[in-house]
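Let's walk through this fold together, starting with its sheet and working outwards to the overall dimensions. Keep the structure open beside the text as you read.

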Amino acid sequence: MPWRPAQVSIDDLPSLGGGVFLTDSHCHLDIGSFEEDCADVIERAHRAGVARMITIGASGPFEANLEAIDIAERNPSISATVGIHPHEAATVTDELLQRIEKLADNPRVVGIGETGLDYYYDNSPRPEQREAFRRFLDLAKRMDLPVSIHLRNADADAAEIVADEGLGSAGGVIHCFSSDADAARTFLDLGLHLSFSGIVTFKTAEPLREAARIVPSDRLLVETDSPFLAPIPYRGKRNEPALVAHTAAVLAEVRGESIDALAAQTTENTIRLFRLNAG
Ligand SMILES: [Zn+2]
Ligand SMILES: [Zn+2]
């Protein structure tokens, strides 16, 4: 898929106070043609106050994990996760899990995922998605790493599996949370964090904004899911980490907080959950 970069001007982004930083808790810098302008994208993120990013290894087949780790090894402000996306769940074998487990030992790897259930695309059969999800939850527990969970149209099954398997003490996050307040309560009760993406800026997303209002401050994260899901006013263009500022601005407004308070809190939460270097 050809990705056209958005014409991002730092001057048009919501600005942060001095010493306040945002963290993009979920992006895919190994796809989206970022290899063509990666340095510019990272530079724009830093200038927009996005001091840290977590690039997700599970962008495609197993090899995507190697690219994510490579990006994290070359950029001190970027950490990586490793896993296999629910779209690829049918490819998960014992051998593949062992290879992921080995990668998870890398000091630049801070989490497992994304894993989970996607009943919208159904790219892998549902029983295989559920089985892979269970196995990655187990791996996260054994490795004592937080888990990044992808969910689409599968809240009930996911809640049942998380309740059944249990989260490790490292916990986890529903990334790109896009359900309503009831679902938010269910996942919060299970001990999960909720991460909000550009979807929260979309006109039709009122139920999601309702959900955003009830998340306790210490369980809230923000993300871009770059290159997907660019927030308004960049909807339809390639997303990039700098644009998490728009999502943060809308979330802050919805929650009746300042963007600085929201940025500082979500950064603190992401640092704590993924045990990032706080320096
Ligand atoms: Zn996802
Ligand atoms: Zn993702």
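The eight strands form an open sheet of 8 strands in the order β1-β2-β3-β4-β5-β6-β7-β8, with parallel pairing. Strands here are DSSP runs of E with at least two residues, helices are runs of H or I with at least four, and both are numbered from the N terminus; two strands pair if DSSP finds at least two bridges between them. At the edges you will find β1 (22-27) and β8 (220-222), each with a single partner strand, so one side of each lacks a neighbour in the sheet. From one strand to the next the twist averages 30°, with axes fitted as lines to C-alpha atoms and angles running from 0 to 180 degrees between N-to-C directions.

Before going further, a word on the source: this is a predicted model, in which local features need pLDDT of at least 70 and side-chain atom pairs count only at pLDDT 80 or more, while totals for chains, interfaces and linings use all residues. Residues are numbered from 1 along each chain as its sequence is written, and chains are lettered from A and ligands numbered from 1 in the order in which they are written.

Now zoom in on β3. Strand β2 (residues 50-56) pairs with β3 (residues 78-82) in the parallel sense over 4 bridges. Along this pairing, M53 stands opposite I78, and I56 has T81 as its bridge partner. How many residues of β3 are buried? The count is 5 of its 5, where buried means that 20 or more other C-beta atoms, placed from the backbone, lie within 10 Å of a residue's own (exposed: 12 or fewer; partly exposed: in between). In a regular strand the side chains alternate between the two faces of the sheet. Accordingly, I78, A80 and V82 point one way from β3, and S79 and T81 the other way.

Next, follow helix α9 (residues 259-274). Its 16 residues should span 22 Å at 1.5 Å a residue (1.5 Å times one less than the number of residues), and its end C-alpha atoms are indeed 22 Å apart. Its buried residues include I259, L262, T266 and F274. Seen down the axis, the buried residues fall within an arc of 165°, so they line one face of α9; the arc is that of the directions from the helix axis to the C-beta atoms. Just after α9, R275 takes a positive phi of about 50°.

Finally, step back: the protein has 9 helices and 8 strands, and 50% of its 279 residues count as buried.
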